[in-house]
Amino acid sequence: MQRIKKAFLSRMAYFLACPSLLWYVLFLLLPLIIIVSASIYSRGHGFSLISYRLVLTTAHFKIIFRSLFLALFNATLCAIVAYPVAYFIAFRAGRWKNALVMLLTLPYWVNFLVHVYAWFFILERDGLFNKILLQVGIIHSPLHMMNTLFAVGVVMFQVYLPFMLLPLYVNFEKFDRRLLEASFDLGAGWKQTFWRVMMPLTLSGAKLGFFLVLGMSFGDYVTPQLMSGGKSLFVGTVISDYFLINRSFSIGAAFICLSALILVSMMGVCLAGFKAAAKGART
Amino acid sequence: MKFLSRLSLPLFVLFVYALLYLPIIVLVVFSFNKAPGGYHWTGFTLAWFAELFQTTEIWVALQHSLIVAFSAMALSLVFGIMIVCSMKDYLRRIAEFFYLPILIPEIVLAVGFLYLFSFLKVPFGLPTLIVAHTLLGLSFAVPLLHARFNEMDPNVIEASLDLGASAWRTFLWVTLPFLRPAIFSVGLLVWITSFDDFLVSFFCAGSASQTLPLYIYARVHVGITPVINALSTVTLVVSCLLVTIYSAIRVKLEEII
Amino acid sequence: MSVFLNRLLWVILFVVFWLVLITGFVYAPYVTRLIGQDQKSISIFVWSDLIDPKTIHEFEQRTGIKVFVNYYEGNDELLTKLRFAHGVGYDLFVPSNYIIQNLVKDGLIKKIYKEKLQFWRDIDSRFLGFAHDPYNEYTIPFVWDVYGMGVNRDFFVGKVFEPSWRMLFEPPFYYRVGMTNEPREVVSIASLYFYKAMKPLDQKRKSELARILIKQKKFVESYTDLNTDFLLTSGSCQLVLAPSNALYRARRQSEKVDFVLPREGTVMALENMVIAAQSTKDDLVYEFINFLYQRESVQSTCSRYGYLPVLKRDLSELSLDYIDKNKLLGDYFKSIKLITPLLPRHELFEFWLSLKAH
């Protein structure tokens with residue numbers, strides 16, 4: 001009995017690691033395998049690549065690249081905006097640091113969906129923006145903002161900005177402020193300091209935030225559905241339609257695989273870009 | 001001139017925060033608006049709040065959301081701590097891969113779950129939701145806890161064991177307090193992700209397990225009534241209260257300890 | 001070697017242990033369902049704007065039967081979710097007429113017992129015996145709505161306006177239009193207008209319609225099922241294709257909108273109550289259905305959400321400020337057709353997808 005107990009305790013590490021690993025295998029790996037095999041196997045045709053042939057059309061590629069472009073644009077914009085803000089919170093905010101970080105997360109207690117729907121109030125023809133712009137006199141007739149790509153972009157930017165800010169801020173927190181001071185003391189201007197000192201050291205946080213925003217914007221379902229007026233298609237809405245409305249699982253699965261492939265390739269390109277930037281900064 | 005450039009950064013940050021809060025402010029303001037669904041201010045009223053408190057469906061949905069969020073948070077934290085403490089060295093290189101579930105577009109995960117559960121004839125309901133959200137939670141928990149765990153000086157554990165404390169006591173009194181900030185932020189992140197989650201819930205919730213986001217989605221489809229605005233205002237007030245209470249408690253705790 | 005095997009054995013033991021735990025957790029509802037078999041509750045799956053929560057609350061209080069409400073926003077969503085759940089979990093749902101055949105074919109609904117329905121004789125015969133269920137073996141008509149054009153009255157003052165689908169389908173327009181996002185509705189109406197018939201479309205007519213809709217797309221503000229009324233009242237569109245309940249909502253927000261029934265005729269959607277094949281709580285369900293058809297319940301549905309009733313008693317008491325009831329229920333009713341799928345499902349989906357992708 002004692003021997004069994006001893007044996008168990010010495011293997012305890014495996015016991016503790018099991019649930020998390022099992023979770024990933026059962027609930028991440030298995031569904032992905034099912035999707036990939038569904039794309040290859042369809043009810044009428046057995047094992048064939050016919051779904052892929054049906055999916056490789058210009059229409060589908062347009063949809064994927066539209067989503068990709070929007071996601072890239074959104075991620076880049078978030079990165080550009082997030083850097084100064086994260087820097088400010090980490091280094092210049094003093095007493096207000098914790099409050100500002102808390103304020104970042106507070107909007108998410110209010111539901112994400114309600115956020116998006118609130119933008120109706122702001123972007124509509126007689127909504128907040130138009131009212132203000134008309135009052136001030138910048139425009140003479142209401143701008144057409146709702147149900148356009150612009151609306152989708154604006155809402156996506158606003159919703160995903162904190163996802164870029166938080167990892168970046170965490171990274172800045174670990175950053176040694178004296179390095180910046182030293183850089184300035186040694187005579188480097190802002191531009192040099194940024195590229196040579198700040199950027200390489202905050203790269204891990206920037207990478208995480210960038211890919212997070214990229215992935216989430218690419219496959220977003222709610223924002224394009226509510227904001228684009230149904231006139232153009234995005235990856236998230238098309239996937240949902242294929243499964244929910246058309247019930248053509250094989251084609252839907254093939255479409256998922258295709259978009260995933262393109263997304264991962266793009267992520268690979270971005271990763272290489274990050275690596276090159278880091279290397280360039282070092283020279 | 002220098003003053004202006006010194007001011008430009010804070011102003012920029014203010015502008016960004018204003019943009020982040022714009023929809024919320026609009027929501028809160030219009031929750032007091034008299035007209036249903038209009039975009040014009042027609043008068044102040046508290047009627048929508050009254051209706052909110054009378055709608056039992058919202059409270060049922062909220063109850064389900066809370067159950068799922070707390071369960072997912074607890075499970076991901078417990079499993080996360082378990083694997084991080086036991087597999088520290090093995091995780092060093094592969095911890096980043098645990099981020100995969102949140103890097104994949106959520107719709108793919110949702111569809112995958114739908115397929116999996118349907119194929120295995122698993123009944124859709126609260127357990128399936130909890131399971132799905134725990135996966136999302138683990139994808140935050142494992143990398144972040146591991147990062148924090150790595151920062152700990154290994155000598156501290158050795159010292160504690162040398163001083164005669166058992167492994168369990170060492171874990172409780174040395175490791176766990178050190179991990180506390182990460183535990184707190186991971187818990188918060190997972191809770192919010194689960195509470196807010198729409199897509200996975202849309203596909204994986206069953207009958208008798210409607211969560212708050214699903215209820216709101218259904219309402220948005222019907223006709224935009226300010227009851228949703230009232231709900232958001234209440235949520236905001238509650239979360240502000242919670243944050244304030246937590247900050248106050250933390251100050252007190254730090255004074256005591 | 002034996003050390004490795006030893007370790008492997010332990011790992012397998014651990015994995016099995018956790019697997020059993022996880023499986024038990026995930027399949028728990030089966031167990032609770034078996035235990036709680038005599039629990040007084042039903043689970044319904046309905047449109048988000050169909051049943052007044054107050055009605056449900058009253059039913060719960062009066063009978064002590066708990067009602068779990070779940071929502072769907074489209075008939076396809078209903079069918080898909082039911083299929084994935086293998087028909088388990090819901091007792092009652094309210095699909096539109098054009099999805100009934102699919103539900104019957106999949107074995108998801110069971111036959112009804114008209115003797116148990118206290119109001120059966122009071123249903124207006126116009127709403128019985130349609131092609132999707134000729135003897136009403138499976139469906140109990142509940143409410144209906146009719147499609148027409150929502151119009152911004154002020155905008156068209158002094159301009160030429162015909163009560164005809166031409167205003168929607170034959171661009172160019174000097175106004176923006178809103179469309180619904182359900183292809184069956186759009187195709188039915190277009191077919192009714194252009195071909196004066198509701199027959200399945202052949203390839204030639206299909207490509208013709210595609211061209212027409214693509215030409216129209218330039219003037220479309222939004223394809224939406226969720227805020228058609230809002231498109232009109234906010235001034236984004238001056239003309240929308242809308243069901244009557246959307247116009248009802250719009251009218252409550254703004255007096256300046258009108259609902260126009262085009263002279264060429266129009267389509268209607270009929271929402272039916274059906275009982276899930278796997279339901280074990282038939283008695284409770286019938287009790288609920290009978291409750292829903294009582295005068296107060298029907299009135300609250302119709303007055304809150306703008307649907308039109310099917311019982312003779314309610315039809316006679318109906319008074320609408322945005323439709324001429326006599327016209328609607330009189331001769332005009334003959335020119336109202338049920339929405340029918342005129343293309344096979346996959347073709348319809350591809351048709352709609354290529355329109356959006358254009």
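Which residues does B:Thr211 touch, not counting residues up to four places away in sequence? In this predicted model, where local features need pLDDT of at least 70, side-chain atom pairs count only at pLDDT 80 or more, and totals for chains, interfaces and linings use all residues, B:Thr211 touches B:Ala61, B:His64, B:Ser65, B:Val68, B:Ser201 and B:Ala205, a contact being two residues whose C-beta atoms, placed from the backbone, lie within 7 Å. Residues are numbered from 1 along each chain as its sequence is written, while chains are lettered from A and ligands numbered from 1 in the order in which they are written.

**Chain B and the nonpolar core**

B:Thr211 lies in the loop that runs between helix H10 (199–204) and helix H11 (212–222) of chain B; helices (H or I, at least four residues) and strands (E, at least two) are DSSP runs, numbered from the N terminus. B:Thr211 is buried, with 29 other C-beta atoms within 10 Å, where buried means 20 or more other C-beta atoms within 10 Å of the residue's own, exposed 12 or fewer, and partly exposed in between, with C-beta atoms placed from the backbone. From B:Leu176, 35 residues apart along the chain, B:Thr211 is separated by 32 Å between C-alpha atoms.

The largest nonpolar core holds 257 residues, of which B:Ala110 and B:Cys204 touch the most other members; such a core is a set of buried Ala, Val, Leu, Ile, Met, Phe, Trp, Tyr and Cys residues joined through C-beta atoms within 7 Å. Helix H8 (residues 149–174) of chain A gives the most to this core, with 16 residues, and the core draws at least three residues from each of domain 1 (39–143 + 268–327) and domain 2 (145–266 + 339–357) of chain C. Leaving aside neighbours within four places in sequence, B:Cys204 is in contact with eight residues listed here as B:Ala110, B:Phe113, B:Leu114, B:Phe117, B:Phe124, B:Thr128, B:Leu129 and B:Ala132.

**Chain C**

Chain C has 15 helices and 12 strands, and its C-alpha atoms fill a box of roughly 90 × 55 × 40 Å, taken along the principal axes. Of its 358 residues, 44% are buried, and among contacts with a separation of 6 or more, 79% join residues 24 or more positions apart.

The chain is divided into domain 1 and domain 2, with bounds that come from an automatic or database domain assignment, and their centres, taken over C-alpha atoms, are separated by 27 Å. The contact between them takes 13 residues from domain 1 of chain C and 17 residues from domain 2 of chain C.

In helix H3 (residues 53–63) of chain C, C:Thr55, C:Ile56 and C:Phe59 are buried. They are on the same side of H3(C), because they cover an arc of only 100° around the axis, the arc being that of the directions from the helix axis to the C-beta atoms. The buried residues of H3(C) pack against strand E2 (66–72), helix H11 (282–292) and helix H12 (295–305) of chain C, and just after H3(C), C:Gly64 takes a positive phi of about 75°.

**Contact sides by class**

Between chains A and C, 25 residues of chain A are in contact with 26 residues of chain C. Helix H2 (12–40), helix H4 (58–92) and helix H13 (235–245) of chain A are the elements that give two or more residues to the chain A side, and H2(A) gives the most, with five residues. In the table, Ala, Val, Leu, Ile, Met, Phe, Trp, Tyr, Cys and Pro count as nonpolar, Asp, Glu, Lys and Arg as charged, and the others, Gly among them, as polar.

| Side | Nonpolar | Polar | Charged |
|---|---|---|---|
| Chain A, touching chain C | 12 residues | six residues | seven residues |
| Domain 1 of chain C, touching domain 2 of chain C | eight residues | two residues | three residues |
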